[in-house]
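Dear colleague,

I am handing over the structure below, with an account of what was found in it. Please keep it open while you read, since the notes go from one part of the chain to another.

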Amino acid sequence: MSILQGLRGGIANGVPSGESRDPIGFAVAGLRKLSQSPALDRLGVRKQTEQVVFTVTRSGFKTIAATSRAFKKKGKRGVPGVRVPNAIPQGVFDLTPSEDEQMLVDVVTEFAAEVVRPAAAEADEACAAPEELLKSSLEIGLPILGVPEELGGISETRSAVAGTLVAEALAKGDLGLAVAALAPGSVATALGLWGTDEQQQTYLPAFTEGSVPAAAFALNEDKVLFDVLSPSTTATRTADGFVINGAKSLVARGAEAELFVVGAALDGKPVLFLIESSTDGLSIESEPAMGVRAASLTKLTLTDVKVPAAAVLGETDGSTYTEAVRLSRLAWCALSIGVGQAVLDYVTPYVKEREAFGEPIAHRQSVAFMVANIAIELQAMRLVTYKAASRVAQGIDATREIALARKLCADKGMQIGLDGVQLLGGHGFVKEHPVERWYRDLRAIGIMEGTVLV
């Protein structure tokens, strides 16, 4: 394959398939191709070339948002959409998954072990999820998990528990890839929960008919002392809609997204807006972070973005936005459990096999207690998260439970990552072992807002 052929669009190259590059994009892609050439070794200039590639790619890319497919408006404006009924309370506190939930979890667990985990290290390095992996995630139904069955999804009742279990199982393979795979489905779930008939009929067919668009939930902002419930991004009323200005950070797969759910302050209240990527005034800039790198995190800038009145998702009194924040935090708790379980499963055999002073290091009480603490904290995280998800599924207020889960998973998740690195000693600091990546990923739990929800 020629270098020019390798510069075409695609996930690995930082722009969507079919999109043209700006000059900087061609330069970056060309340098990457050049750095892979064996001729550099023959000429003895590999080190110098790699330094150039690093310098150029360190600042990332900046481009206009991807051109969206033409979403043809359908349905009745202002009419409430289809809603999934709440799960029926069983009368007992039982967190055992139903038969259908367990079957789904088994499929996702196998997918995480056989597809996600082997691709994780390379995806983390490239800051992009493999296209084949994303296509496979569509085949197992991840984008339509929270979509009502009546609209082509698979939810007969509120699927918060199933979503939590799936997020946990997927994150056990890799957190960054889990976020990349779950991001479009989070937008579809939001449409199922709060969308009007027009919004559901316009956008959900793209998710349920096999041509799933990349879509992104954008709530984070790179502001000092950022409060997700008081966004700096603003929406101003106009005669025929709204004008939105601001910037969102840590937006998963933003460079290829065709539809955004953006949080902005309207009349002093946080509100969600649906914005197609073809809308004038959107620009995307790469924003590689410490962790969750495989999710292709980006910064979304909105400059005088005009949207119609029908772009509002849910209520304008802040209640829908607040619920979205809570459901997102619940999803991040589930993701932290999956990564924490991966750490425990990795360090347990390691400390039994690694020897020091003639015996396995697991024989040392300090080591054994640290592993035991990981298991204890992980089970506590799981129980409080499952309880919160169960209440959400039944339509019961779960504000307190989600807050407890968020605090516990953020604090203990980071501690589990730190302990995992410590248990491996020097090996915990090198990329040969995945624990250093899990440590970096777990630090995102207390920072990320939005992106995914259940």
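Asp222 and Lys299 form a salt bridge, in which the closest N and O atoms are 3.4 Å apart. This pair links distant parts of the chain, with Asp222 in the loop between strand E2 (215-218) and strand E3 (234-238) and Lys299 in strand E8 (residues 297-308), 77 residues apart. Asp222 is partly exposed, with a relative accessible area of 42%, and Lys299 is also partly exposed, at 22%. Please bear in mind throughout that this is a predicted model.

Side chains of opposite charge can pair when their charged atoms come close. The structure holds 18 salt bridges, and a few others may help you to find your way around. Glu377 and Lys412 meet through their side chains in a salt bridge of 3.8 Å, N to O, and this pair again links distant parts of the chain, since Glu377 belongs to helix H10 and Lys412 to helix H11, 35 residues apart. Glu377 is partly exposed, with a relative accessible area of 25%, while Lys412 counts as partly exposed at 30% relative accessibility.

A salt bridge within one helix is that of Lys135 with Glu131, where the closest N and O atoms are 3.7 Å apart. Being four residues apart in helix H5 (residues 131-139), Lys135 and Glu131 are separated by about one helical turn. Lys135 is partly exposed, with a relative accessible area of 49%, and Glu131 counts as partly exposed at 35% relative accessibility. There is also a network of salt bridges that links Asp124, Lys431, Glu436 and Arg440.

Two members of that network, Glu436 and Arg440, are among the buried residues of helix H12, which brings me to that helix. How many of the eight residues of helix H12 (residues 435-442) are buried? Seven of them are, so helix H12 is largely enclosed by the rest of the structure. The buried residues are Val435, Glu436, Arg437, Trp438, Arg440, Asp441 and Leu442, and they pack against helix H4 (99-126), helix H7 (175-194), helix H9 (319-353) and helix H11 (399-423).

The count of aromatic pairs comes to two. In one of them, the rings of Phe242 and Phe273 have their centres 5.3 Å apart and their planes at 70°, and because an angle over 60 degrees counts as edge-to-face, the pair is of that kind. Phe242 lies in strand E4 (residues 241-252) and Phe273 in strand E6 (residues 269-276), so the pair ties together parts that are 31 residues apart in sequence. Both Phe242 and Phe273 are buried. Tyr346 and Trp438 also form an edge-to-face aromatic pair, at 5.8 Å centre to centre and with 85° between the planes. This pair links helix H9, which holds Tyr346, to helix H12, which holds Trp438, across 92 residues. Tyr346 is partly exposed, with a relative accessible area of 25%, whereas Trp438 counts as buried at 1% relative accessibility.

Strand E6, which holds Phe273, is mostly covered, with seven of its eight residues buried. Strand E5 (residues 259-266) pairs with strand E6 in the antiparallel sense over eight bridges, and Val261 has Leu274 in E6 as its bridge partner. The two strands E5 and E6 form a hairpin with two residues between them, and Asp267 in the turn has a positive phi of about 55°. Strand E6 is also joined by two bridges to strand E9 (residues 312-313), and these strands run antiparallel; here Leu272 stands opposite Leu313 in E9.

Helix H10 (residues 365-393) has 29 residues, which at 1.5 Å a residue should span 42 Å, and its end C-alpha atoms are indeed 42 Å apart, so the two values agree. H10 is followed by Gly395, whose phi is positive, near 75°.

Lastly, the cysteines: a search of the whole structure finds zero disulfides. Cys409 is in no disulfide, and the nearest cysteine sulfur, that of Cys333, is 3.8 Å away, whereas a disulfide needs the two sulfur atoms within 2.5 Å. Cys409 counts as buried at 0% relative accessibility, and Cys127 is buried too, with a relative accessible area of 18%.

With best wishes

Definitions and conventions
Residues numbered from 1 in each chain as written. Predicted model: local features only at pLDDT ≥ 70, side-chain atom pairs only at ≥ 80, totals over all residues. Heavy atoms only, no water. Buried < 20%, exposed > 50% of the residue type's maximum accessible area, 1.4 Å probe, protein only. Contact = heavy atoms within 4.5 Å. Phe/Tyr/Trp six-rings, centres within 6.5 Å; stacked < 30°, edge-to-face > 60°. Expected span 1.5 Å × (residues − 1). Pairing = 2+ DSSP bridges. Salt bridge = Lys/Arg side-chain N within 4 Å of Asp/Glu carboxyl O.
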